[in-house]
Amino acid sequence: MATITAVRPGLDALVSGVSGIVAQRQGGHETAHAVADLIRDRLPGPDLLTPQERAGAPDHYVSYVLHAQEEFSIVGVVWRPGQYTVIHDHVSWCTFGILSGIEHETLYRDMGDHLVEIGQTANRPGEVSGFAPPGDIHMVRNTSAEVGVSVHVYGADVSRLGSSVRRAYDLPVR
């Protein structure tokens, strides 16, 4: 499969760094944490996205695939205030860094017939985190009054898959 890359300030450094980490073929958790360390050192600025992209969409959050290849993808995500994801998990490890806004993350555990909330985190500009399945069930919401922008790195080709989401959960939360 061909590699897709948009030309963006700071993107080349991320692509080369992530490529080197992924080439080590570590487990999902180890890769996610190594990529998180890389992003902390190389977190791009908001000009990673164009002004039009940073505006977002009025009715839902928007994802922009900035780089995709078989082993990983880099995606810019834009959230207007109050926008959120469904409760979901992922097909692979994921690492994200916040450029603006607040990505409030609620974590869940699947109990078979319902979900249980197991934690919450408010991720602010400059903060970076990473995780890997299993145990990555969450919902994310921009709780700030400004448009939120974040960069996400997934251990899968989201241009081919269409999304990083493995499953959306509609189980009751207790």
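**View A. The hairpin of strands S6 and S7 in this predicted model.** Four residues lie between S6 and S7, and the two strands together make a hairpin. Look in the turn for glycine 112, whose phi is positive, at about 100°. On either side of the turn, S6 covers residues 103–110 and S7 covers residues 115–123. Their pairing is antiparallel and runs over eight bridges. To pick out one of these pairings, start at glutamate 105 and cross to threonine 121 in S7, its bridge partner.

**View B. Helix H2 and its buried residues.** H2 is built from 15 residues, 28–42. From first C-alpha to last, H2 reaches 21 Å, close to the 21 Å expected at 1.5 Å a residue. Buried in this helix are Thr31, Ala32, Val35, Ala36, Leu38 and Ile39. These six residues sit on the same side of H2 because they cover an arc of only 165° around the axis.

**View C. What covers the buried residues of H2.** Here we bring in the neighbours. Among the elements covering the buried residues are helix H1 (11–22) and three strands: S5 (94–100), S8 (128–131) and S10 (148–154).

**View D. The largest pocket and its lining.** This pocket holds about 310 Å³ of space. Its lining takes in 22 residues, and nearest the centre you will find Tyr61, Ser63, His90, Tyr154 and Ser164. Strands S2 (62–68), S3 (73–79), S4 (88–90), S5, S9 (138–142) and S10 each give two or more residues to the lining. The largest share, three residues, belongs to S3. Readers coming from View C will recognise S5 and S10, which also help cover the buried residues of H2.

Definitions and conventions: Residues are numbered from 1 along each chain as its sequence is written. This is a predicted model: local features need pLDDT of at least 70, side-chain atom pairs count only at pLDDT 80 or more; totals for chains, interfaces and linings use all residues. Side-chain values use heavy atoms; hydrogens and water are left out. Two strands pair if DSSP finds at least two bridges between them. The expected span of a helix is 1.5 Å times one less than its number of residues. Buried means under 20% relative accessible area, exposed over 50%, partly exposed in between (1.4 Å probe, protein chains only). The arc is that of the directions from the helix axis to the C-beta atoms. Contact means heavy atoms within 4.5 Å. On a 1 Å grid over the protein atoms alone, a cavity is a set of points where a 1.4 Å probe fits but cannot get out, and a pocket is an open set with protein on both sides within 12 Å along at least five of seven lines; lining residues have an atom within 4 Å of a point. Grid points are joined across faces, edges and corners, and a volume is the space filled by probe spheres set on the points.
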